Amino acid sequence: RQHLFRGIHDREMTLSGLTIGLAVSRDEQGQATATATITSTRIGHMFPTYPVPRVHVHLLCDEKPLGEEHVIGREVDLTKSVEHWDRRLAPGQSYVMRRQFQTGQQVTLRIDVVPRDRYEKDLRIQLAAAQRVPGHILLGTVRQLLEHEMSMRYRLADISVPVPPKSGIVQRVLKEGSYVTDHANP
C-alpha cells in the first residue's frame, strides 16, 4: 500500500525502462569505431519526462573522453515559457553516439543521472548571491540544500568493452538492468 513514485530518482527503475548497448569495431585498415546506443524500450512517455533532470552520456577510451558528452533532457526557461532545446527520448526512440579513433585498449560508456539538475543550478545561483553578502543568514541553509540535491546523483551505467586488436567487433548490451548480450568477434 505504498505509493512510491521512483521514476528518474531510482537507478533500478530507470534501468528497467532502457536498453543500453556499446559496440566497438575495428576495420581492415585499423580504424576503430565505438557505437553507444540508448533506447527507451519500456517507458511509456518521454525520457526524462520533465525539464528538471539531465542524463549525461560519455564515451571514453582508456578513461579519456572520445569527443563531447551528450545530454539527454530538456532545457526550458520557465519564467519566459521558452524551450531552448529538447533531446529527450520518445517511447521506442534511440540515441546513438558514434566516435572513431585509432588507438586504445578499452572503451567505456558512462551514463550519469542528475535527477534534480534544475534545482542544483538554481541553488548554485542562490549560493553565489548569498556569498556576496557578509554574514548572510541563509548561507548555511542554501549550502545544505545544494548538498542534498547533489546527493541524489547516480551512475546509471558504466559499460566497458575491449578494443579488438584486429578487424572485428566486441559488444555488450544491458537490457532492463541485466546484460543480455556479450559478443566478441575479433
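**Exercise 1. Find how many aromatic pairs the structure holds, then look at what the rings do with charges.**

Solution. Start with the count: this predicted model holds 0 aromatic pairs. To score as a pair, two rings of Phe, Tyr or Trp need their centres within 6.5 Å.

Next, turn to charges over rings. Take tryptophan 85: the charged end of arginine 87 sits over its ring, 3.8 Å from the centre. Now take tyrosine 179: arginine 172 lies over its face, also with 3.8 Å to the ring centre. The cut-off for the distance is 6 Å, so both arginines pass on that score.

**Exercise 2. Work out the overall layout of the protein: which elements does it have, and in what order?**

Solution. First, tally the elements: you get 3 helices and 11 strands. Second, walk along from the N terminus. A helix opens the chain, eight strands follow, then come two helices, and three strands finish the run.

Third, get the dimensions. The C-alpha trace spans about 65 × 45 × 30 Å along its principal axes. Fourth, check how the chain meets itself: of the contacts between residues at least 6 apart in sequence, 67% join residues at least 24 apart.

**Exercise 3. Describe the surface and the charges: how much of the accessible surface belongs to carbon and sulfur atoms?**

Solution. The accessible surface comes to about 10,700 Å², and carbon and sulfur atoms own 51% of it. On the burial side, 42% of the 186 residues count as buried.

For the charges, count side chains: 25 are positive and 21 are negative. Then compare where the two sets are centred; those centres lie 2 Å apart.

**Exercise 4. Decide whether methionine 97 is buried or exposed, and list what it touches.**

Solution. Locate methionine 97 first: it's in strand β7, which covers residues 94-101. Then read its relative accessible area, 1%. Buried means under 20%, so methionine 97 is buried.

Now for the company it keeps. Leaving out residues up to four places away in sequence, methionine 97 touches Ala34, Thr35, Ala36, Val57, Leu59, Glu68, Glu69 and His70. Of these, Ala34, Thr35 and Ala36 fall in β2 (32-40). One residue to set beside that list is arginine 74: it is 23 residues from methionine 97 in sequence and 18 Å away in space, C-alpha to C-alpha.

**Exercise 5. Do the same for glutamate 149: is this residue buried or exposed?**

Solution. Glutamate 149 belongs to helix α3, residues 139-150. Its relative accessible area is 6%, and with the limit for buried at under 20%, glutamate 149 is therefore buried. Its contacts, again skipping residues up to four places away in sequence, are Arg116, Tyr119, Glu120 and Leu123.

**Exercise 6. Hunt for backbone oddities: which peptide bond is cis, and where does its proline lie?**

Solution. Keep the background rule in mind: most residues other than glycine have a negative phi, and most peptide bonds are trans.

Step one is the peptide bond. From phenylalanine 47 to proline 48 it's cis, with omega near -15°. Proline 48 lies in the loop between β2 and β3 (54-61).

Step two is phi. Aspartate 62 isn't a glycine, yet its phi is positive, about 50°. Glutamate 63 isn't one either, and its phi is about 65°. Aspartate 62 is in the loop between β3 and β4 (64-65), and glutamate 63 is found there too.

Step three is exposure. Aspartate 62 is partly exposed at a relative accessible area of 35%, and glutamate 63 is partly exposed at 49%.

Key: Residues numbered from 1 in each chain as written. Predicted model: local features only at pLDDT ≥ 70, side-chain atom pairs only at ≥ 80, totals over all residues. Heavy atoms only, no water. Helix = DSSP H or I, 4+ residues; strand = E, 2+ residues; numbered from the N terminus. Buried < 20%, exposed > 50% of the residue type's maximum accessible area, 1.4 Å probe, protein only. Contact = heavy atoms within 4.5 Å. Areas by Shrake-Rupley, 256 points an atom, 1.4 Å probe, with all protein chains shown as cover. Lys, Arg positive; Asp, Glu negative; His and termini not counted. Charge placed at Lys NZ, Arg CZ, Asp CG, Glu CD. Phe/Tyr/Trp six-rings, centres within 6.5 Å; stacked < 30°, edge-to-face > 60°. Lys NZ or Arg CZ within 6 Å of the ring centre and 35° of its normal.
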